[in-house]
Amino acid sequence: MTERRVETMNASHRGQVIKAYNHWFDVWLEDARQVWACQPRGRLRLEGRGILVGDRVRVLPRADGEGWIESVEPRRTELTRPPVANVDRVVAVMAWRRPDFVPELLDRILVQAEHAALEILVVFNKIDLVEDEEDRARLHAVRERYRRAGYPVFLTDALHGEGVDRLRPHLERGVTVLAGPSGAGKSKLLSAIEPGLRLRSEAVSEKTGRGRHTTRHPELLRLGEGWVADTPGFSRLDLSGLASDGLGDLFPEFAPHTAACRFNDCKHRAEPGCAVRAAVEAGQVDAERYARYLQFLAEVEALEEARY
Ligand SMILES: Nc1nc2c(ncn2[C@@H]2O[C@H](COP(=O)(O)OP(=O)(O)OP(=O)(O)O)[C@@H](O)[C@H]2O)c(=O)[nH]1
Ligand SMILES: [Mg+2]
Ligand SMILES: [Zn+2]
């Protein structure tokens with residue numbers, strides 16, 4: 001690389017970090033529509049560990065397919081688990097069977113995603129494992145429960161590719177994170193949506209000759225004009241980071257009723273004149289979701305008490 005070359009290439013480019021490894025970052029350059037292997041420069045070099053997958057950056061070219069990251073734009077959103085910046089939506093993926101659907105885990109994912117102000121989709125996968133008509137009725141009742149709570153719900157069978165065509169268009173813009181317990185079928189779902197998705201992303205990075213290391217960090221994979229992060233599953237999500245004040249705002253189906261509560265700081269528990277509880281009693285708000293709200297409220301309050 002000659003000095004002259006640097007001079008002629010000194011215009012910086014906008015990009016988005018799609019992968020992090022050993023202080024290197026793969027950056028998708030919007031104008032060039034290419035992935036470059038980049039390193040943070042100057043002040044950013046010291047803070048390089050702070051650059052997240054999903055960060056929007058400015059890159060200065062320095063060699064073929066390589067550049068310096070000069071600056072990082074302020075993040076719109078920042079998730080810690082998985083560590084991804086500027087996430088637009090979460091797809092909560094739950095297996096209906098194997099492992100059996102656990103409503104509490106879904107509700108935990110939902111409140112966390114609501115707290116992060118993300119768009120949320122719910123997927124019940126492995127519908128090929130529905131046991132009998134009774135089980136199918138249960139599945140449909142659960143689907144209706146989450147639809148009524150305000151979430152788009154998708155039923156899929158990633159093994160045979162059923163239902164994935166309806167889901168795909170929702171993931172072709174912005175940054176999507178798949179969340180859900182281990183074995184729910186998140187990876188399978190992505191490969192059903194786009195066979196070879198992972199392979200293709202690896203091929204892009206390979207061009208730069210770097211990034212072949214496996215990494216604990218999430219990686220963004222190209223889907224249409226969007227990006228998806230396949231993350232490892234988890235079995236337990238704690239609610240630290242949430243406050244008991246406003247916890248009800250993380251249950252969207254409460255929203256039409258909260259203005260009618262007698263107290264404007266109503267926690268929708270035992271307060272007189274609580275319109276949310278009245279809506280539960282009238283069958284307008286699902287009783288199981290409300291019970292989960294009370295459970296989470298108690299849990300968050302216990303965490304708050306332990307803190308003070
Ligand atoms: N029968 C059936 N099996 C499925 C379906 N989707 C995934 N599987 C299987 O379930 C197992 C787990 O799927 P994965 O895609 O690895 O699950 P995951 O959510 O990515 O799991 P982690 O990466 O551990 O978080 C695999 O053996 C898949 O083949 C489905 O719709 N039906
Ligand atoms: Mg997986
Ligand atoms: Zn209330």
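This section describes the sheets, helices, ligand shell and backbone features of a predicted model.

Five strands close into a barrel. Their order is β1-β2-β3-β5-β4, and the pairing is mixed. Neighbouring strands of the barrel are turned by 55° against each other on average, with direction ignored. Strand β1 spans residues 13-21, and strand β4 spans residues 56-63. These two strands run antiparallel and are joined by 4 bridges. Within this pair, Gly15 stands opposite Val57 of β4.

Strand β5 has a partner in β3 and another in β4. With β3 (residues 34-40), β5 (residues 66-72) pairs in the parallel sense over 4 bridges. There, Cys38 has Gly67 of β5 as its bridge partner. With β4, the sense is antiparallel, and 6 bridges are formed. Ala63 is bridged to Glu66 in β5. β4 and β5 also form a hairpin, with 2 residues between the strands. One residue of the turn, Gly65, has a positive phi of about 75°.

A second sheet is open and holds 6 strands. The order is β10-β9-β8-β11-β13-β12, again with mixed pairing. Its edges are β10 (153-155) and β12 (220-223), each of which pairs on one side only. The average turn between neighbouring strands of this sheet is 25°, direction ignored. At the β12 edge, 4 bridges connect β12 to β13 (residues 226-230). The two strands run antiparallel. Leu220 stands opposite Ala229 in β13.

Two helices are placed against the open sheet. Helix α3 (residues 103-115) lies across three strands: β8 (89-95), β9 (119-125) and β11 (175-179). The direction of α3 is at about 180° to that of β8. Helix α4 (residues 133-148) packs on the sheet and touches β9 and β10. The direction of α4 makes about 155° with that of β10.

The loops flanking β8 and α3 carry three backbone features. Most residues other than glycine have a negative phi, and most peptide bonds are trans. The bond from Arg98 to Pro99 departs from this pattern: the peptide is cis, with omega near -5°. Pro99 is in the loop between β8 and α3. Asn86 has a positive phi, near 60°. Its loop runs between β7 (83-85) and β8. Asn86 is buried, because 21 other C-beta atoms lie within 10 Å, and 20 or more suffice for that class. Ala117 likewise has a positive phi, near 60°. This alanine lies in the loop between α3 and β9. Ala117 is exposed, because it has 8 other C-beta atoms within 10 Å, and the class covers counts of 12 or fewer. Thus Asn86 is buried, whereas Ala117 is exposed.

Ligand 1 is surrounded by 17 residues. The closest are Ser182, Gly185, Ser187, Lys188 and Gly233. Helix α6 (residues 186-193) supplies the largest share of the shell, with 3 residues. By residue class, the shell around ligand 1 comprises 5 nonpolar, 7 polar and 5 charged residues.

Technical notes
Residues numbered from 1 in each chain as written. Chains lettered and ligands numbered in written order. Predicted model: local features only at pLDDT ≥ 70, side-chain atom pairs only at ≥ 80, totals over all residues. Pairing = 2+ DSSP bridges. Axes fitted to C-alpha atoms, helices over the stretch in contact; angles between N-to-C directions. Contact = placed C-beta atoms within 7 Å. Near = placed C-beta within 6 Å. Nonpolar A, V, L, I, M, F, W, Y, C, P; charged D, E, K, R; others polar.
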